[in-house]
Amino acid sequence: MRERSAMGVAFALVALLVTLLTGCQGSSGAAEEDGQLGESRSENASEQQATTPTVPAGYGAVFLGVDECSSFGTTSFTEVSCTSERAAARVVARHDGKVGDGPLCPGTTDFVLHISEQSRTSDEDGDGAIPQGYACMRNLTPPHPGDPGGGGGPRTIVGDCVYSSGDGQVRETSCDGKGEQKPQYKVVRSVAERADCPLSTALYVQLGGEKPVGCARPV
């Protein structure tokens, strides 16, 4: 009798243990053999998707974030996959606010995209609000007007050429002479103060940045 009683207790303990384990697995939402999540986990995911804006596959959480790409155009543009045939330029830097109030774009930026503020309610894609900002863009393929001597870009840097446009102003032009205006001066150095320019300097050009003075000499 003791033997049968002991076996009965052991069987009851095993049954209880199996019941406890089965209950734990059912409530935890552990992965099944086929790699799909259990029902309770799937329901949770559905709730999160309903309250959290979704982001299109292949794009970051920030509209035109660094290393993302835009379509052609500087006034009308959309964010596209960098592998798309519509991709024209890549974001090399991204800042909130106005261009005049924020950090400078990298020196070899080809152009700047100004991004208007967009509220969540007016966002057609439903992926959240977009603050006012600007994206510093680099063309995926040549030409690169932002390169030294390229004749364009939002910044004048060392290696660029300029011409006098009157009223003490200068504008950038291509150093190879193929632009609409012939180059008159070339920026050969950037320094902190005018006194640091070489004696051969014929023109001082405002560059901005840590070394805001450009030392230019006749071409």
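## Exercises on strands, cores and salt bridges

Strand β9 and strand β10 (residues 213-218) run antiparallel and are joined by four bridges. Two strands are said to pair when DSSP finds at least two bridges between them. The structure is a predicted model, in which local features require pLDDT of at least 70 and side-chain atom pairs count only at pLDDT 80 or more, whereas totals for chains, interfaces and linings use all residues. Residues are numbered from 1 along each chain as its sequence is written, and side-chain values use heavy atoms, with hydrogens and water left out.

### Exercise 1. The hairpin of β9 and β10

Determine which side chains of strand β9 are buried and which are not.

Solution.
- Strand β9 covers residues 203-206; strands (E, at least two residues) and helices (H or I, at least four) are DSSP runs numbered from the N terminus.
- The side chains alternate along β9: Leu-203 and Val-205 point to one face and are buried, while Tyr-204 and Gln-206 point to the other and are not. Buried denotes under 20% relative accessible area, exposed over 50%, and partly exposed the range in between (1.4 Å probe, protein chains only).
- Across the pairing, Leu-203 stands opposite Ala-216 in β10.
- Six residues lie between the two strands of the hairpin, where Gly-208 takes a positive phi near 85°.

### Exercise 2. The five-stranded sheet

State the strand order of the open sheet and explain which strands have one side without a neighbour.

Solution.
- The five strands are ordered β2-β1-β3-β5-β4, with antiparallel pairing.
- β2 (79-80) and β4 (111-115) stand at the edges; each has a single partner strand, so one side of each lacks a neighbour in the sheet.
- The pairing of β4 with strand β5 (residues 133-139) is antiparallel and extends over five bridges. Within it, His-114 has Tyr-134 of β5 as its bridge partner.

### Exercise 3. The nonpolar cores

Identify the residues of the largest nonpolar core and the element that contributes the most to it.

Solution.
- A nonpolar core is a set of buried Ala, Val, Leu, Ile, Met, Phe, Trp, Tyr and Cys residues joined through side-chain atoms within 4.5 Å.
- The largest has 10 residues: Leu-64, Phe-77, Ala-89, Val-91, Phe-111, Leu-113, Ile-115, Ile-130, Ala-135 and Met-137.
- β3, β4 and β5 each give two or more residues to this core, and β4 gives the most, with three.
- A second, separate core has six residues, including Val-187, Leu-203, Val-205 and Leu-207. Leu-203 and Val-205 are the buried residues met along β9 in Exercise 1.
- In soluble globular proteins, nonpolar side chains tend to be buried together.

### Exercise 4. The surroundings of Arg-94

Is Arg-94 buried or exposed, and which backbone oxygens does its side chain approach?

Solution.
- Arg-94 belongs to strand β3 (residues 89-96).
- Its relative accessible area is 15%, and Arg-94 is therefore buried.
- The side chain of Arg-94 reaches the backbone oxygen of Phe-63 at 3.0 Å, and one of its polar atoms lies 3.2 Å from the backbone oxygen of Leu-64.
- Beyond its neighbours within four places in sequence, Arg-94 is in contact (heavy atoms within 4.5 Å) with residues including Val-62, Ile-115, Ile-130 and Tyr-134.
- Arg-94 also forms a salt bridge with Asp-96 through their side chains (3.6 Å, N to O); the term requires a side-chain nitrogen of Lys or Arg within 4 Å of a carboxyl oxygen of Asp or Glu.
- Asp-96 is exposed, because its relative accessible area is 52%.

### Exercise 5. The salt-bridge network

Which residues are linked in a network of salt bridges?

Solution.
- The structure holds three salt bridges.
- Arg-138 pairs with Asp-110, their closest N and O atoms being 3.8 Å apart. This pair links distant parts of the chain, 28 residues apart: Arg-138 is in strand β5 and Asp-110 in the loop between β3 and β4.
- Arg-138 also meets Asp-147 in a salt bridge (2.7 Å, N to O).
- The network therefore consists of Asp-110, Arg-138 and Asp-147.
- Asp-110 counts as buried at 5% relative accessibility, whereas Arg-138 at 23% counts as partly exposed, as does Asp-147 at 25%.
- Side chains of opposite charge can pair when their charged atoms come close.

Conventions
A polar contact is a pair of N or O atoms within 3.5 Å; within protein, one must be able to donate a hydrogen and the other to accept it, and residues adjacent in sequence count only if both atoms are side-chain atoms.
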